[in-house]
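This report considers the enclosed and open spaces of one protein model, and then two of its helices and two single residues.

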Amino acid sequence: MIEAPIRSSLLERLSAVLGDKGLITDARDIAPWLTDWRGRYHGAAQAMVAPANAHELAQIVRIAAQTGTAIVPQGGNSGMVGGATPDQSGAALLLSTRRMNVIRAIDGQARNVIAEAGVVLQTLHEAVAAKGLRFPLTLGGKGSATIGGLVSTNAGGTQVLRHGTMRALVEGIEAVLPDGSLYQGLVTLKKDNRGYDLKHLLIGAEGTLGIVTAATLKLVPALIDRAVVWAGLESPLAARQLLLFLEDCAGHEMEGFEIVPQRCLTNVLRHVPGTRAPLSGAHRWHVLVELVRDNPSAAQPAERAEALMAQALERGLIEDAAISASEAQAGAFWKLRDSISEAERAEGPAMQHDISVPVADMARFIIEAGAKVEARFAGTEVAAYGHLGDGNVHFHVAAPKSADVSAWPATPGKAISAFVHDLVVEAGGSISAEHGIGQMKRDELARLGDPARMAALTAIKRALDPKGIMNPGKLIAL
Ligand code: FAD
Ligand code: MLT
Ligand code: ZN
């Protein structure tokens with residue numbers, strides 16, 4: 001526990017910078033932010049600091065650097081790997097960016113937007129839509145995920161197929177570095193060759209190298225319309241064939257290609273009110289495909305979807321399909337997909353693995369690795385869903401109904417994750433496709449990471465954050 005005199009002088013210094021609005025010491029107000037979205041990690045903090053702007057934030061970091069106080073940055077707290085949850089020592093400051101929520105500029109000509117770290121993704125979508133533009137990244141957590149969190153986890157989501165991950169959409173960054181200096185890199189240049197690109201170091205750094213205060217993000221034209229297809233099919237291999245067929249015929253129109261096993265759809269229909277099965281028959285696997293139009297001369301997505309699904313049926317790639325007849329129905333199909341993690345949370349304990357392998361290999365990996373896990377760990381059930389078009393699925397292993405819920409995540413949970421991660425690495429894949437490492441996979445990254453790369457990561461961390469105050473215990477252990 002922090003000695004009272006030290007704590008009080010630190011809080012006095014912070015209070016002088018932040019005032020009442022920015023310094024939260026009441027444990028009841030901090031408590032909701034000390035547990036991660038999945039309820040797996042529970043931390044403690046000596047206070048929550050919520051700066052109003054980058055300059056206040058820089059002052060906080062300078063004080064923390066002088067006093068050797070750990071800082072845990074937090075945006076929407078929708079992360080999946082415990083990255084924004086402090087440890088249990090109570091020594092850290094939980095730094096919330098949620099008050100830094102100004103959209104500073106939307107530039108229709110340059111097609112970019114400057115948004116502060118605490119801007120919520122949904123809010124950004126709405127603001128740029130009002131200008132006839134679109135920020136082409138979305139995910140089920142859009143109602144809480146913030147720009148700073150999305151940058152720091154290099155988030156993916158359901159539109160990566162056409163637009164890439166957050167890394168492809170960040171044109172500039174403003175950030176406070178571990179010594180409290182403010183890096184102003186928001187200006188976007190098409191060509192800029194002045195050595196190491198700090199922007200790319202901070203993207204995906206999970207708050208371990210500095211705190212993002214704002215970002216310049218790429219925009220694209222708003223959609224004219226879209227069609228969402230929900231198709232039933234036999235297996236992941238059939239889904240792979242369908243993907244290849246659609247990439248051939250409609251690659252530039254296809255924005256999303258998500259795979260959903262029947263088990264996940266059953267969970268959603270059981271736990272998420274207002275959801276309905278899109279198809280009347282039974283299918284072991286499902287895919288959601290989104291076709292879009294943002295150019296008036298392009299064909300109508302609904303007509304395209306009709307024609308393409310008719311061909312897919314003829315070729316035996318799918319068993320049945322429903323095509324959205326309205327924006328509301330398109331939204332309802334996406335709700336089924338986006339609610340899987342929430343439904344699974346309600347269903348019971350499972351070990352989550354956010355994995356990627358080469359795109360062409362994922363369908364076979366799902367089948368073979370799934371069988372190996374279920375054979376090795378009796379009573380478990382594998383549910384692999386998600387971004388098949390990117391070679392990324394969430395490979396979740398559900399506990400047997402008889403399992404001891406509290407003990408299961410540790411035993412055999414840990415062994416299950418090690419087994420799954422070994423299979424992923426053998427297949428040339430990554431143990432973190434889009435969620436990051438956080439505290440959840442730090443030891444697995446150390447165990448499986450390429451030694452040269454791990455040494456370089458540690459050297460960069462030590463060089464930029466010699467006092468180790470930035471989100472300690474996340475990503476890499478020093
Ligand atoms: P937080 O959870 O607050 O923080 C995440 C990490 O970033 C932590 O390490 C934190 O310390 C760090 N951080 C936060 N803000 C800053 C900052 N300003 N500067 C430096 N570090 C910072 N993710 C995907 O990639 N793809 C998906 O499809 C997807 N779907 C999701 C669906 C649901 C229903 C939910 C709940 C989450 C989903 N996520 C998904 C996970 C999550 O939304 C993302 O990881 C998102 O990027 C987290 O943003 P956040 O603001 O909530 O970050
Ligand atoms: C998703 O694709 O739904 C998310 O990444 C969240 C999850 O892991 O379920
Ligand atoms: Zn995902």
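A cavity is a set of grid points where a 1.4 Å probe fits but cannot get out. By that criterion, a search of the whole structure, which is a predicted model, finds two cavities of 30 Å³ or more.

**Cavities and the largest pocket**

The table sets out the volume and the lining classes of each space.

| Space | Volume | Nonpolar residues | Polar residues | Charged residues |
|---|---|---|---|---|
| Largest cavity | about 50 Å³ | three | five | three |
| Second largest cavity | about 40 Å³ | three | five | three |
| Largest pocket | about 1,000 Å³ | 12 | 28 | eight |

The lining of the largest cavity includes the histidines His353, His394, His396 and His435, together with Arg38, Asp354 and Lys441. Met80, Val81 and Met440 are also among its lining residues.

The second largest cavity is lined by Thr158, Gln159, Val160, Leu161, Glu255, Gly256, Phe257, Glu258, His387, Gly389 and Asp390. Two elements, α6 and β13 (254-261), give two or more residues to this lining. The largest contribution is that of β13, with four residues.

Around the largest pocket there are 48 lining residues, of which Ser78, Gly79, Met80, Leu139 and Ala145 are the closest to its centre. At least two lining residues come from each of β3 (71-74), α5 (147-152), β10 (211-218), α12 (327-338) and α13 (340-347). Among the contributing elements, α5 gives the most, with four residues.

**Thr158**

Thr158, one of the residues lining the second largest cavity, is placed in the loop between α5 and α6 (160-163). Is Thr158 buried or exposed? Its relative accessibility is 5%, and because buried means under 20% relative accessible area, Thr158 counts as buried. Beyond its neighbours within four places in sequence, Thr158 is in contact with Thr138, Glu255, Gly256, Glu258, Trp334, Asp338 and His387.

**Helix α11**

Helix α11 comprises 14 residues, 301-314. At 1.5 Å a residue it should span 20 Å, and its end C-alpha atoms are 20 Å apart, which agrees. Pro301, Ala305, Leu308, Met309 and Ala312 are the buried residues of α11. Viewed down the axis of α11, they fall within an arc of 100 degrees, so they line one face of the helix. The face turned away from this buried side carries the exposed residues Glu303, Glu306 and Glu314. On the buried side, α11 packs against β12 (225-233), α9 (236-250), β14 (285-293) and β15 (320-323). After α11 comes Gly316, with a positive phi near 75 degrees.

**Helix α14 and Phe395**

Helix α14 has 15 residues, 362-376, for which the expected span at 1.5 Å a residue is 21 Å; the end C-alpha atoms are 20 Å apart, in agreement. Its buried residues are Met362, Ala363, Phe365, Ile366, Ala369, Gly370 and Val373. Seen down the axis of α14, these residues fall within an arc of 145 degrees, so they line one face of the helix. They pack against α9, β14, β17 (354-356), β18 (381-385), β19 (392-398) and α15 (413-426).

Strand β19 contains Phe395, which is buried, with a relative accessible area of 0%. The C-alpha atom of Phe395 is separated by 6.8 Å from that of Val382, although these two residues are 13 residues apart along the chain.

Notes. Residues numbered from 1 in each chain as written. Chains lettered and ligands numbered in written order. Predicted model: local features only at pLDDT ≥ 70, side-chain atom pairs only at ≥ 80, totals over all residues. Heavy atoms only, no water. Expected span 1.5 Å × (residues − 1). Buried < 20%, exposed > 50% of the residue type's maximum accessible area, 1.4 Å probe, protein only. Arc of directions from axis to C-beta. Contact = heavy atoms within 4.5 Å. 1 Å grid on protein atoms, 1.4 Å probe; cavity = no way out; pocket = protein on both sides within 12 Å on 5 of 7 lines; lining within 4 Å. Points joined across faces, edges and corners; volume = space filled by probe spheres on them. Nonpolar A, V, L, I, M, F, W, Y, C, P; charged D, E, K, R; others polar.
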